[in-house]
Each structure stands twice: as C-alpha cells, then as structure tokens.
Amino acid sequence: MREGTPEAEVRGVYADLSTASGCNALVKAEPACDILVNNVGIYGPQDFFEISDSEWTRFFEVNVM
C-alpha cells in the first residue's frame with residue numbers, strides 16, 4: 001500500500017474481535033477508518049452433520065456477530 005501511495009497513513013491495531021472488549025479496544029484505538037482488514041473466523045475440521053447446535057452458535061457468534 002505504501003509503495004503505491006507513499007503519502008498514505010497506515011497503522012495496525014491488534015484486537016481480538018471475537019470479544020466485546022477487543023471490539024472496544026479497536027474503536028478506542030481507531031474511532032474511524034477507511035479500510036478494515038478483519039481476519040477473525042473459526043471453524044473446525046469435523047463432519048458437518050456431527051457439529052452440535054452449541055458449536056454452530058459459537059461459530060456464528062464469532063464469525064458474524
């Protein structure tokens with residue numbers, strides 16, 4: 001990004017976005033942004049039909065909420 005746009009202001013923030021406190025830390029560190037790269041996501045290698053409802057709920061809460 002800096003190579004193509006050397007005047008760009010680029011910063012990084014480490015925050016665990018699977019938790020409310022991590023989300024709050026991100027917003028506190030960067031209350032506004034133009035681009036957000038978010039790589040939070042979970043899924044376990046397991047048989048689709050053997051995943052419990054509670055595990056599907058956990059996947060949804062972390063990956064979507």
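The points below describe a predicted model of one protein chain, going from its overall form to particular side chains.

1. Overall form. The protein chain has 65 residues, and a compact globule of that length would have a radius of gyration near 11 Å, whereas this chain has 16 Å. Along the principal axes, the C-alpha atoms fill a box of roughly 50 × 25 × 15 Å, which gives a reader a first idea of the proportions to expect when turning the model on screen.

2. Secondary structure. The protein chain contains 2 helices and 0 strands. Helix H1 covers residues 20-29, and helix H2 covers residues 53-63, with a loop lying between H1 and H2.

3. Burial and contacts. Of the 65 residues, 9% count as buried. Among contacts between residues at least 6 apart in sequence, 6% join residues at least 24 apart. The protein chain exposes about 5800 Å², and carbon and sulfur atoms supply 55% of that area.

4. A nonpolar patch. Which residues make the nonpolar surface patch of about 440 Å²? The patch is made by Met1, Val10, Ile35 and Val37. One of these, Val10, is found in the segment before helix H1, and Val10 counts as partly exposed because its relative accessible area is 32%, a value that falls between the limits of 20% for buried and 50% for exposed.

5. Salt bridges around Arg11. A search of the whole structure finds 3 salt bridges. In one of them the side chains of Arg11 and Glu9 meet, with an N to O distance of 2.0 Å, and in another the side chains of Arg11 and Glu30 meet at 2.6 Å, again N to O. The pair of Arg11 and Glu30 links distant parts of the chain, since Arg11 lies in the segment before H1 and Glu30 in the loop between H1 and H2, 19 residues apart. Glu9, Arg11 and Glu30 are thus linked in a network of salt bridges. With a relative accessible area of 67%, Glu9 is exposed.

6. The salt bridge in helix H2. The side chains of Arg58 and Glu55 also meet in a salt bridge, at 3.0 Å from N to O. How many residues apart are Arg58 and Glu55 in helix H2? They are 3 residues apart, so about one helical turn separates them. Arg58 is partly exposed, with a relative accessible area of 40%. As a further point of reference for this residue, Arg58 and Asp47 are 11 residues apart in sequence, and their C-alpha atoms are 16 Å apart in space.

7. Cysteines. A disulfide is a covalent bond between the sulfur atoms of two cysteines. A search of the whole structure finds 0 disulfides. Cys23 is in no disulfide, and the nearest cysteine sulfur to that of Cys23 belongs to Cys33, 13 Å away. Cys33 is likewise in no disulfide, with the sulfur of Cys23 as its nearest cysteine sulfur. Because a disulfide requires the two sulfur atoms to lie within 2.5 Å, the distance of 13 Å rules this pair out in the model. Cys23 itself is partly exposed, with a relative accessible area of 30%.

Conventions
Residues numbered from 1 in each chain as written. Predicted model: local features only at pLDDT ≥ 70, side-chain atom pairs only at ≥ 80, totals over all residues. Heavy atoms only, no water. Patch = residues over 30% accessible without salt bridge, like charges linked within 9 Å, V, L, I, M, F, W, Y side chains within 5 Å. Areas by Shrake-Rupley, 256 points an atom, 1.4 Å probe, with all protein chains shown as cover. Salt bridge = Lys/Arg side-chain N within 4 Å of Asp/Glu carboxyl O. Helix = DSSP H or I, 4+ residues; strand = E, 2+ residues; numbered from the N terminus. Buried < 20%, exposed > 50% of the residue type's maximum accessible area, 1.4 Å probe, protein only. Rg over C-alpha atoms; globule rule 2.2 N^0.38 Å. Contact = heavy atoms within 4.5 Å.
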